[in-house]
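User: I am new to reading protein models and would like a close look at a single part of this one. Could you pick one helix, go through it carefully, and set it in the context of the chain?

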Amino acid sequence: MFSDRSYDEVSIDDLARVANISKGLLYHYFPTKRDLYVAGLREIADELVDAVLRVAADLPPIDQVRASVDAYLEHIARHSRAFVALMRGGIGSDPEVAAVIDSVRTRLFDKLLSGSALASLVTSDARLEIAMRGWIGFVEAASIDWCANPRLSRSELLDLMTAVLLDVIRLAAPVAASG
C-alpha cells in the first residue's frame, strides 16, 4: 500500500483490511505504522542488495560492474513501485528510513569496489570516492526516472550507466582509468 499511496494516506485500518488480519494482530508484530513501514523498507532494501550481491565475483571488473548494474535494474524493473517508495523515503527525514537508504548505498558501493583494482584507490583518494558516490546518486535518480517514465530500454540504460561510470573513473582518477 505504501507503494501506491503516501505514508500519511495509509491507515492501520487499511493495512489490516488488505492483509485480511485484525488490527490487534498487526499491532502485535508492529507496534506502530512507522515500525511496519520501516520493516517493509528494510525488506525491499535487502532484496535489492541481495540481487546485486549474487553477481559472480570471478568476472573481470567491467563485466562484474555491468552484471551488478543489470541485476540492480532487473530487480527494480520487477519491483518498480516498491523501489521508488524506498528511494523517496515516504515519511520525510525519518532517521531510521534514512539509515535504511544509506545502508543500501553503502552496501552497493562496497560491492562495486569489492575485488576491484579501484578499491585501494578509492579508499586513498577522496576525489574518486566522492565521484563514485556521486555516480551511485546518478544511478538512483536515473532509475527512479526510468521507473516513472521508461524512455530507454533496460539495455540502453545499462549502457548509459556503465559509460557514465567509466567517464567518472577516467575524470576522477586518470591514472586508474588509463592503467
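Analyst: Helices, meaning DSSP runs of H or I with at least four residues, and strands, meaning runs of E with at least two, are numbered from the N terminus. In this predicted model, the chain holds 10 helices and zero strands, and reading along the sequence gives the pattern α-α-α-α-α-α-α-α-α-α.

The part to examine is helix 9, which covers residues 154–172 and so has 19 residues, with a reach of 27 Å from its first C-alpha to its last, close to the 27 Å expected at 1.5 Å a residue. Its buried residues, where buried means under 20% relative accessible area, are Leu 157, Leu 158, Met 161, Thr 162, Leu 165, Val 168, Ile 169 and Ala 172. Looking down the axis of helix 9, one finds these buried residues within an arc of 130°, and therefore they line one face of the helix.

For the wider setting, 39% of the 179 residues of the chain count as buried, while the chain exposes about 9700 Å², of which carbon and sulfur atoms supply 57%. Among the contacts in the chain with a separation of 6 or more, 62% come from residues 24 or more positions apart.

A residue from elsewhere offers a comparison in burial: His 79, placed in the loop between helix 4 (61–78) and helix 5 (80–88), is partly exposed, with a relative accessible area of 29%. The C-alpha atoms of His 79 and Leu 48 are separated by 9.3 Å, although the two residues are 31 residues apart along the chain.

Methods
Residues are numbered from 1 along each chain as its sequence is written. This is a predicted model: local features need pLDDT of at least 70, side-chain atom pairs count only at pLDDT 80 or more; totals for chains, interfaces and linings use all residues. Side-chain values use heavy atoms; hydrogens and water are left out. Buried means under 20% relative accessible area, exposed over 50%, partly exposed in between (1.4 Å probe, protein chains only). The arc is that of the directions from the helix axis to the C-beta atoms. Contact means heavy atoms within 4.5 Å. Accessible areas come from the Shrake-Rupley method with a 1.4 Å probe; for residues, only the protein chains shown count as cover.
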